[in-house]
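Biologist: I am new to this one. Please show me the model, and I will ask how each label is earned.
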Amino acid sequence: MCGIIGAICETNVTPLLIEGLKKLEYRGYDSAGVAVETAEGLKRVRAEGKIAALEEKLAETPLAGFSGVGHTRWATHGAPAERNAHPHKSPCGRFLVVHNGIIENAAEIKRSLLPAGSVFESETDTETAAHLLTKFYDGDPVAAIARTLSVMEGSFALGVLCADFPDTLFAAAFGSPLVAALGKDGAYIASDAGALPEAPEEIYSLKDREIVSLTRGSLRFYNEKGEAIEKTPAQVRVQALSVDKGGYEHHMLHEIHQQPEAVRATLAGLLGPEGIDLSGSGLTEDFIKNELERIVIVACGSAYHTGLCAKRLFEGKARIPCSAEIASEFRYADPVIDRHTLAIFVSQSGETADTLAALRLCKEKGAKALSIVNVALSAIAAESEGVILTQAGREIAVATTKAYSAQLSVFYALAIRFAALRGAIGSAEEKALTHALAELPERIAEAIDSTKQTAETLAGRLFEAKDMFFIGRQLDEAAAAEASLKMKEISYLNSQAYAAGELKHGTISLVEPGTPVIVLATQDAISAKTRANLAEVKARGAFTVAVTTRALAPAFAEADEVIVLPDVCQWFTCSLAVVPMQLLSYYTAKRRGCSIDQPKNLAKSVTVE
Ligand code: M6R
């Protein structure tokens, strides 16, 4: 939520800021702005809407200078209007500030400043930080930032320009991601290392109210009191964010097609010559065999949906009690967890605020914390005891596809190995499942090829629907949850996912003649029950689509449309069932003229609670 970029270099900084903002646009696209230290002093240009609107304004009012900051906003306080766009100015005009996060006590700070005559020009929480900087400034910007941080509550990353120090850029962070980096051509700050304009020679992640001052060739770090500190550079390979769509019309379609590779690359880190190798995960065989009593999977959105699927495997196949929890609920639920609990945190971005808070809670309670993340230089990765990195490559479309698939593949590997270690399956079955897992990327590729045309045609039939339902049982219920989220997220069409057997306990009253009901049915053991549920909605006039396997297709022939998936082991069906659903959402959103990669009101990474 919100993206910050800052640079100090030897060439005009504005194009670098704009390029960085384009890469950060996934973090929010309500408004954008840049501030530059120009020959005439500090200047800013801001625009409502996407970076393209800012570029248009900059074409009319160019800014040139060697240091500057940029911001792309996901609105929290105040409408997405230009007056609320960052950078925000201090009353004296000495400071220009960009901010990511939420200053939770902004209203109190504002109230405390009003009696001294402070006038606020925006409705943002950020402007209070700019006012505090003026209040605390006595010639030392680092000291003013330290005092400002001591007053602010919440989570924040700040980039600050000070007119009195034109050759220096300042930044600070607490709870929101921010990296500071030194490159060959300059020094930089960014909310995401992937947005840096060059491969960094040194890179640092800021935390705990740390402050940094950057000049062209140096970074100096300070603690929350403004005292100089030493920091060790992070040892990570930075994955650059790309705005390339690989020849596809949208990032989402590109990323759907990248799924086989994302899964292949992720599994490459987990499948060794002897089978599944979890040695890099920080989990010991002894813990899995003898100490583990319970698994909790904590995540948000689609990442949570991978947990719903994994729960079925850990519990149903590996025979380990398991629950999947929504992070924003779990963290306030006073959950029963202890050192015999394995808590697994799933996050593409590695910075989702609620997931991070849940991770901290589980660690406090003594649980073993393993995270499955796609961004190595992220808070969740940094704070977990064990990390399994998905190798999906950077995902740009707000609607996740390839990261979701990569997360599922990690869960399959864990579930198979856990089942074997706990004696729930024998070594021959483990071998067979591992072999099938290694072939999953090909099956996903086949699913993309074989269902794409049907999904596009079907979208032409469904795009004007008022409501839509996705139903399934067990693993299919988990896949239905993801299918439904994809549909509503990008096509703005009201859709609901339901356990197929639960529909008749209330929701079926919404089914009218022509209402689309997509029935996911890949599980042999319960297919007869799901077929009965299909019959129930059909009897009420629903337009039914069955997504099923070759073996089950004849049983679902009464559906108005049948999508047949490539053959795959029953454990992995979620990975295939979701593919035509991703494509259906994509083509439906396209027919509805929606902004597919940047749906309204959303941002790719959710760093506010
Ligand atoms: O970065 P994370 O995986 O932690 O993000 C979690 C959710 O915000 C995310 O999966 C969201 O639901 C997606 N936009 C859905 O496509």
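Modeller: Start with a definition: accessible areas come from the Shrake-Rupley method with a 1.4 Å probe, and for residues only the protein chains shown count as cover. The protein chain exposes about 22600 Å². Carbon and sulfur atoms supply 48% of that area. This is a predicted model, where local features need pLDDT of at least 70, side-chain atom pairs count only at pLDDT 80 or more, and totals for chains, interfaces and linings use all residues. Residues are numbered from 1 along each chain as its sequence is written, and side-chain values use heavy atoms, without hydrogens and water.

Biologist: What makes the protein chain as compact as a globular protein of that length?

Modeller: The globule rule is 2.2 Å times the number of residues to the power 0.38, and the radius of gyration is taken over C-alpha atoms. For 609 residues the rule gives 25 Å; the protein chain has 25 Å, so it is as compact as a globular protein of that length.

Biologist: Why is Gln259 called buried or exposed?

Modeller: Buried means under 20% relative accessible area, exposed over 50%, partly exposed in between (1.4 Å probe, protein chains only). Gln259 has 0% relative accessibility, so it counts as buried. Buried residues make up 59% of the 609 residues in the protein chain.

Biologist: What makes the link between the side chains of Gln259 and Ser405 a polar contact?

Modeller: The term needs a pair of N or O atoms within 3.5 Å; within protein, one must be able to donate a hydrogen and the other to accept it, and residues adjacent in sequence count only if both atoms are side-chain atoms. The Gln259 and Ser405 side chains are joined at 2.6 Å. A polar atom of the Gln259 side chain also lies 3.0 Å from the backbone oxygen of Ile256.
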